[in-house]
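Please keep the viewer open and the selection tool at hand while reading. The stops below are meant to be taken in order, each beginning with something to select.

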Amino acid sequence: MTSELIFVGLGLSGVDGMTVKALNALKECDKIYAEFYTSNLNGAEASDLEAVIGKPITVVYRSEVEEGHSIIDDAKTMRVAFVTAGDTMLATTHVDLRIQATLEGIPVRIFNGVSIFTAVPTAFGLQPYKFGRAVTLPFLEMNYQPKSPYDHIMENKKRGLHTLILLDIRADELRYMTAKDAIEWLLKGEEKWGEGLVTDKTILCVITHAGCPDEKIFAGYPQDLLKLDLGAPLQSLVLPGDLHFMEAEALVDFAGAPREIIQDDD
């Protein structure tokens with residue numbers, strides 16, 4: 001048997017979001033592992049993937065990837081695939097798995113998929129090179145709210161950069177942070193630290209079910225967004241930095257932002 005570890009990004013939704021090359025590679029695998037704790041695959045279950053690929057899929061959780069050895073052990077004697085939603089190699093655990101394979105002399109192939117990191121700028125008409133560090137908002141546990149996400153977003157804002165804000169996922173608990181939870185998180189953080197990250201006139205952008213047929217995008221002021229039906233997870237936010245006039249126009253035309261954000265140059 002061939003020794004190989006194949007990393008496949010499935011894209012953002014459905015079983016048809018991966019590339020044709022990725023699908024053909026998966027059909028040639030002896031064993032397929034999948035993780036959905038980093039991000040869930042909208043509109044599809046593992047069983048749907050099994051039907052398309054024609055092979056069984058073993059779903060693994062974080063501890064099995066970070067602490068287990070079955071994936072690497074199998075890849076020593078078989079052609080093994082490790083599939084994830086979105087793109088592959090965007091999580092440190094995936095990079096670590098690739099390093100382990102390299103150290104064991106296991107050949108590696110990578111099949112990239114559509115990622116939230118490219119889908120969000122595309123959806124809103126924001127310029128990708130103007131995004132700073134992405135930030136994840138964690139669930140509030142026992143009312144503990146770490147300041148580091150607030151600080152990282154503020155750092156981007158001071159530099160005029162947009163921030164992609166990812167929302168916490170606890171797949172094993174079926175808990176997915178909502179956009180409204182995230183907006184409340186930011187408002188609560190502003191109440192605590194008061195450094196001017198979010199005001200009544202701060203534009204926030206919400207994307208629901210990115211890359212799906214039912215994708216929806218919104219842009220507006222915090223309190224206005226909280227009054228809207230923003231849909232259900234999976235969702236992400238953007239806190240824009242300095243807007244180019246075309247970006248501002250895009251947010252107004254595409255996402256319903258208030259027209260007053262477009263600066264009059266006259």
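The tour goes from the whole chain to its cores, then to a helix, some backbone details and a strand.

**The whole chain**

Begin with the full chain displayed as a cartoon, bearing in mind that this is a predicted model. The secondary structure to be found there amounts to ten helices and twelve strands. With a radius of gyration of 20 Å, close to the 18 Å that the globule rule gives for 266 residues, the chain is as compact as a globular protein of that length. Its C-alpha trace spans about 70 × 40 × 30 Å along the principal axes, and 50% of the 266 residues count as buried. Among contacts with a separation of 6 or more, 76% are made by residues 24 or more positions apart.

If you switch on a surface, its accessible area comes to about 13100 Å², with 51% belonging to carbon and sulfur atoms. Colouring by charge picks out 24 positive and 40 negative side chains, the centres of the two sets lying 2 Å apart.

**The nonpolar cores**

Next select Ile 165, Ile 183, Leu 186, Val 206 and Leu 237, which touch the most other members of the largest nonpolar core, a set of 25 residues. At least two residues of this core come from each of strand 6 (135-137), helix 7 (148-158), strand 7 (163-167), helix 8 (179-193), strand 10 (204-208), helix 9 (222-226) and strand 12 (235-239). Helix 8 gives the largest share, six residues. Apart from this core lies another, of 24 residues, including Leu 126, Ala 210, Ala 219 and Val 238. In soluble globular proteins, nonpolar side chains tend to be buried together.

Now centre on Val 206 alone and ask which residues it contacts beyond four places in sequence. They are Phe 124, Ala 179, Ile 183, Lys 216, Ile 217, Phe 218, Leu 225, Leu 230, Ser 236 and Leu 237.

**Helix 10**

Select residues 245-255, which form helix 10, and show the side chains of its buried residues: Glu 247, Ala 248, Ala 250, Leu 251, Val 252 and Ala 255. An α-helix has 3.6 residues a turn, so residues three or four places apart point the same way. The cover over the buried residues of helix 10 includes helix 6 (116-124), strand 10 and strand 11 (216-220). After the helix comes Gly 256, with a positive phi near 80°.

**Backbone details in loops**

Most residues other than glycine have a negative phi, and most peptide bonds are trans. Against that background, select Pro 233 and Leu 234, which are joined by a cis peptide bond with omega of about 10°; Leu 234 is in the loop between helix 9 and strand 12.

Move on to Met 89, in the loop between strand 4 (79-84) and helix 5 (92-103), where phi is positive, near 75°. Leu 174, in the loop between strand 8 (169-170) and strand 9 (175-176), also has a positive phi, near 55°. Which of these two side chains is buried and which is exposed? Met 89 counts as buried because its relative accessibility of 17% is under the 20% cut-off, whereas Leu 174 is exposed, at 69%.

**Lys 31**

Finish at Lys 31 in strand 2 (residues 31-35), a residue that is partly exposed, with a relative accessible area of 29%. Beyond four places in sequence, Lys 31 touches Thr 58, Asp 74, Met 78, Arg 79, Val 80 and Ala 81. A distance drawn from the C-alpha atom of Lys 31 to that of Leu 5, 26 residues apart along the chain, should read 9.8 Å.

Terms used. Residues are numbered from 1 along each chain as its sequence is written. Side-chain values use heavy atoms; hydrogens and water are left out. Helices (H or I, at least four residues) and strands (E, at least two) are DSSP runs, numbered from the N terminus. The radius of gyration is taken over C-alpha atoms; the globule rule is 2.2 Å times the number of residues to the power 0.38. Buried means under 20% relative accessible area, exposed over 50%, partly exposed in between (1.4 Å probe, protein chains only). Contact means heavy atoms within 4.5 Å. Accessible areas come from the Shrake-Rupley method with a 1.4 Å probe; for residues, only the protein chains shown count as cover. Lys and Arg count as positive and Asp and Glu as negative; His and the chain ends are not counted. The place of a charge is taken as NZ of Lys, CZ of Arg, CG of Asp or CD of Glu. A nonpolar core is a set of buried Ala, Val, Leu, Ile, Met, Phe, Trp, Tyr and Cys residues joined through side-chain atoms within 4.5 Å.
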